[in-house]
Every structure is written in C-alpha cells, then in structure tokens.
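Before reading the dialogue, please take a moment to look over the sequence and the model together. The learner will ask how to read a feature, and the teacher will answer with the case at hand.

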Amino acid sequence: MERTTIDLWVGIFVALGFAALLGLAMKVGNLTTSSIGQTYLVTANFENIGGLKPRAPVKSAGVVVGRVSEIVFDPKTYEAVVSLNIDTRYNFPKDTFANIYTAGLLGEQYIGLEAGGDEVNLKNGDKISQTQDAVVLEKLISQFLYSKATESDDKPGKTAATSTESGVDALDASPLDKIGK
Amino acid sequence: MVLHKLKRMLSKLGAGCINKIWRLGAGGRLFWLTLISSGESFRRFRLTIREVYFTGVLSLIIILVSAFFVGMVLALQGYHTLQKYGSSEAIGVLVALALVRELGPVVTALLFAGRAGTAITAEIGLMKATEQLSAMEMMAVSPIARVIAPRFWAGVIAMPVLATLFSMVGILGGYLVAVPLIGVDAGAFWSQMQANVDWEYDILNGVFKSVVFGVACTMIALFEGYDAPPTAEGVSRATTRTVVTSSLAVLGLDFILTSFMIAV
C-alpha cells in the first residue's frame with residue numbers, strides 16, 4: 001500500500017487531537033491532581049449541610065485527603081448523612097471532628113477534619129460522631145441583628161449575645177462580638 | 001375573500017409541515033442506510049482517510065485561528081467582570097470551563113458546518129446533478145457505501161479532534177491575554193483551572209458533545225446534498241439549507257445534551 005501525503009496530514013491531525021486531549025487532561029483538568037487511589041468510606045451526620053455538594057473536597061489541615069461521595073437525607077433522624085471517601089494513606093482517630101467550612105466568604109463548601117486524640121483509627125464504614133454544621137449566613141445575620149436589638153433595649157455594656165437559635169449554638173458569640181464591637 | 005386567503009395560508013403551512021416531516025423521515029432512512037453500509041468505509045479505510053483530510057485537516061486553520069481569538073476575548077471580557085469582585089485569578093477557570101464545556105464543541109460545530117458541511121453538500125449535490133451517483137448504481141456500486149459513508153465517518157472522526165484542539169488553543173489564547181498582557185499570576189491561573197475542571201464531568205462530556213454534533217452536522221450536510229434537486233439552483237439552495245439546519249440542530253442539541261449532563 002503506497003503512502004500519500006494525505007495520510008501524513010491525517011496522521012498529524014489525529015495526533016494533534018490526541019495531544020490536545022492529553023493537554024486538557026494534564027494541564028487543564030484535575031486528572032493528575034485529584035487522583036485519590038484507594039479510599040475508605042466513613043459517614044457523618046449533620047443537622048444542616050448548607051451548600052455542600054457531592055464531590056466536594058475533604059480537607060485536613062488544608063490538604064485534600066478525600067472527597068464527599070454521597071449526601072442523603074435520613075428521614076428518621078431528620079439529618080443529612082454525608083459519606084466521605086478518604087484516601088487509605090491517611091488515618092484519622094476515632095474521635096475526629098468533622099466541620100463544614102466555606103472557602104472564602106462566598107466560595108464552595110468543604111469538609112474539614114480535625115484529628116482527635118483517640119488511639120483507635122477510623123475504619124471503613126465507621127461514623128464520625130462529632131460534627132459541626134455549616135454556617136448559614138442568614139442565621140448569623142439575624143442573630144447579630146437580634147443581639148444588637150436586645151443590646152440597645154437593655155443597657156449597653158451587656159455584650160454577651162444570647163444565641164437563641166439552635167443551629168448557631170456551636171458558633172457561640174465570638175465572631176458576632178467582633179462584628180458588634 | 002379573507003376566508004379564502006386564510007384557507008390558502010393554512011394549506012401552505014400544512015404542506016410545509018408535511019414536507020419537513022417527509023424530509024426528516026428520508027434523512028433518518030439515509031442515516032440508517034449509511035450505518036448499515038459503512039462496513040466498506042472501514043474495510044477500505046483509505047476512502048475515509050481522504051475525507052478526513054478534506055473535512056478535518058483543511059478546516060484546521062479556520063478552527064485554530066478562531067479558537068485563539070475566542071480564548072483571548074473570553075479572557076478580556078472575563079477579567080473585566082471578575083476584577084470587580086476581586087477574584088481575577090478565577091479567569092483561568094472561566095476561560096477553561098467556558099471553552100471545554102460549551103464554546104469548544106458548539107463554535108467548532110458551527111464553523112465545521114460552514115466550512116466542511118457546505119463543501120460536502122455541494123460536492124454530493126453536483127455528483128448527483130452530473131449523474132455520477134446514477135452511474136455508480138449502474139455499475140452496481142452502492143453510492144451510499146462508496147460516497148456517503150466515508151464522508152460520514154470522516155466527519156464523526158474529525159469533529160471531536162477539531163473541538164479538542166479548539167479548546168486547547170482557546171485556553172492558550174486566554175492564557176496569553178490573562179498572564180503576560182493583563183498580569184494575572186500564572187500559577188494561580190493554572191492551579192485554579194486544574195482545581196475546578198473535572199476530567200470526566202467537564203472534558204469528556206465536552207468531547208461527547210462534539211461527537212454528537214459531528215454526527216448531526218455531517219448527516220445533515222450529506223442528506224441535503226443527496227436530496228438536492230439536480231440543478232444549479234437546487235444545489236445552491238441545498239447548501240444554504242445545510243448551514244441553517246446544522247446551526248439550528250447544533251444549538252438545539254446543545255441545550256438537550258447540556259440539560260442531561262448538568263443533572264440537577
């Protein structure tokens with residue numbers, strides 16, 4: 001079969017296409033960076049997950065250690081059950097704390113793991129019992145306004161904001177006080 | 001008098017609709033015939049390669065140049081808005097996602113319909129007008145297997161390659177504007193892009209879109225050519241219809257595909 005220049009050009013064309021796909025995969029996409037190898041699954045219950053989405057990163061000390069695989073609603077406890085795929089290279093103690101954080105003020109939400117001090121590590125299928133819900137901005141603002149109103153009603157000087165809503169209990173009043181002062 | 005006019009208008013509308021549906025059916029039949037007689041275009045792969053050269057390689061210049069400009073414009077426009085919110089580093093994500101998910105496949109398909117689709121229609125229409133297709137049939141050579149199928153597969157092969165190249169070159173164009181010209185940090189440009197562009201969800205879906213567009217554009221061009229009245233005017237009208245129909249089909253299909261891919 002004799003070769004023609006057309007064959008050469010088509011060969012170059014298709015090779016260019018593959019090169020571009022490879023370039024997209026390596027340079028543009030996260031095929032290289034997000035390749036988490038073997039993972040184990042743990043779950044965590046949250047009362048409110050805010051805007052957390054499946055495939056959101058799971059970070060510990062700012063390093064991505066896994067991804068959110070699934071979020072379902074538990075109709076018995078009325079809580080969100082979040083399944084996390086964590087890289088088998090990383091082991092966390094059984095009393096690890098799972099928080100939902102927001103990257104930046106308006107950024108995407110992710111799960112932050114804070115290691116505890118337990119001797120036993122989390123295994124596949126375990127449940128993280130200590131969790132903290134997502135910060136809902138509206139609740140934060142309404143609480144702030146409420147505390148401001150009580151402050152001016154009562155006497156100035158009484159600064160401790162009384163948190164009335166259950167979802168923001170965990171926040172305490174520390175960030176609010178800063179804004180208030 | 002008015003009633004008569006209305007009646008004529010209605011019957012014209014009905015005839016137009018029936019004609020469209022008839023053409024849709026004929027197009028579907030041609031698609032099926034192409035698929036079942038495409039064995040030869042793989043056995044004699046040289047035929048297909050020749051068509052890849054004409055539809056793909058010769059479209060490279062227009063695709064790459066427009067990709068470059070589209071990427072540069074995206075970076076300029078995106079920067080203008082993003083810097084108002086103090087997140088100009090997100091320019092890389094914006095350019096990459098816009099190109100990989102939408103503009104790459106869609107603009108490539110539109111250009112492909114204009115550059116290669118018209119050529120296919122005119123070529124086949126002229127082959128029909130000069131009775132080359134009938135001559136093939138006389139010699140017991142199926143014109144669908146010999147002429148239509150290789151062009152179809154060439155379009156299906158060329159389109160994803162062109163769309164991928166479009167995305168890549170567009171991102172390079174965006175990089176050139178964002179980093180050396182505007183002064184966005186190069187590290188942030190690439191790292192934000194890598195953190196937010198997903199291989200399967202964004203890139204492979206974009207490639208899948210371009211394959212579907214390739215099938216649609218090529219098939220419309222082939223059908224219009226095969227169906228063209230064998231006159232100079234008929235071929236010219238068929239060529240115009242190719243561009244109009246493929247553009248509309250691409251944009252409509254894009255909406256359908258996107259709504260499937262972005263499963264809410």
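The dialogue below goes through the two chains, their contact, the sheet and two loop residues.

Q: What kind of model is this?
A: The model is predicted, and every statement that follows should be taken as a description of that predicted model.

Q: How many helices and strands does chain A have, and how do they run along the sequence?
A: A list of elements in sequence order is a good place to begin. Chain A has 3 helices and 8 strands, and from the N terminus on these follow the order α-β-β-β-β-β-β-β-β-α-α.

Q: How many helices and strands does chain B have?
A: Chain B has 10 helices and 0 strands, so its pattern read along the sequence is α-α-α-α-α-α-α-α-α-α. Its C-alpha atoms fill a box of roughly 65 × 60 × 35 Å along the principal axes.

Q: What percentage of each chain counts as buried, and what do the contacts add?
A: Burial is judged here by counting neighbours, and a residue is buried if 20 or more other C-beta atoms lie within 10 Å of its own. In chain A, 22% of the 181 residues count as buried, while in chain B 45% of the 264 residues do. For contacts with a separation of 6 or more, residues 24 or more positions apart account for 62% in chain A and for 87% in chain B.

Q: How many residues does each chain bring to the contact between them?
A: Counting both sides of an interface, and then sorting one side by residue class, gives a first picture. Chain A brings 19 residues to the contact and chain B brings 24 residues; on the chain A side these divide into 12 nonpolar, 5 polar and 2 charged.

Q: At what angle do helix α1 of chain A and helix α3 of chain B pack?
A: For a pair of helices, one reads the angle and the distance between the axes. Helix α1(A), residues 5–28, and helix α3(B), residues 45–55, pack at an angle of about 65° with their axes 9 Å apart. Angles of 65 to 115 degrees count as roughly perpendicular, and α1(A) and α3(B) are therefore roughly perpendicular to each other. The crossing of these two helices is left-handed. On α1(A) the contact is made by I6(A), D7(A), W9(A), V10(A) and F13(A), and on α3(B) by I49(B), R50(B), V52(B) and Y53(B). The residues of this helix contact divide into 7 nonpolar, no polar and 2 charged.

Q: In what order do the strands of chain A lie in the sheet, and which are the edge strands?
A: The order across a sheet is read from the pairing of the strands. Chain A has an open sheet of 8 strands in the order β7-β1-β4-β3-β2-β6-β5-β8, with mixed pairing. The edge strands are β7 (127–128) and β8 (130–132), each of which pairs on one side only.

Q: In what sense does strand β2 of chain A pair with β3, and in what sense with β6?
A: Following one strand to its partners is a careful way to read mixed pairing. Strand β2(A), residues 57–60, pairs with β3(A), residues 63–74, in the antiparallel sense over 4 bridges, whereas β2(A) pairs with β6(A), residues 109–114, in the parallel sense over 2 bridges. V58(A) has the bridge partner G66(A) in β3(A) and the bridge partner I111(A) in β6(A). β2(A) and β3(A) form a hairpin with 2 residues between them, and A61(A) in the turn has a positive phi of about 55°.

Q: In what sense does strand β1 of chain A pair with β4, and in what sense with β7?
A: The reading is done strand by strand here too. Strand β1(A), residues 39–46, pairs with β4(A), residues 79–87, in the antiparallel sense over 8 bridges, and L41(A) has N85(A) as its bridge partner in β4(A). β1(A) also pairs with β7(A), in the parallel sense over 2 bridges, where the bridge partner of A44(A) is I128(A). In a regular strand the side chains alternate between the two faces of the sheet.

Q: Where does Y78(A) lie, and is this residue buried or exposed?
A: Backbone angles and neighbour counts can be read side by side. Y78(A) lies in the loop between β3 and β4 of chain A, and has a positive phi of about 55° although it is not a glycine. A residue is exposed if 12 or fewer other C-beta atoms lie within 10 Å, and Y78(A), with 8 such neighbours, therefore counts as exposed.

Q: Where is A140(B), and is this residue buried or exposed?
A: A140(B) is in the loop between α6 (132–138) and α7 (143–182) of chain B. A140(B) has a positive phi of about 60° although it is not a glycine, and with 6 other C-beta atoms within 10 Å this residue is exposed.

Terms used
Residues numbered from 1 in each chain as written. Chains lettered and ligands numbered in written order. Predicted model: local features only at pLDDT ≥ 70, side-chain atom pairs only at ≥ 80, totals over all residues. Contact = placed C-beta atoms within 7 Å. Nonpolar A, V, L, I, M, F, W, Y, C, P; charged D, E, K, R; others polar. Axes fitted to C-alpha atoms, helices over the stretch in contact; angles between N-to-C directions. Parallel < 35°, antiparallel > 145°, perpendicular 65-115°, else oblique. Left-handed = near helix turned anticlockwise from the far one by under 90°. Pairing = 2+ DSSP bridges.
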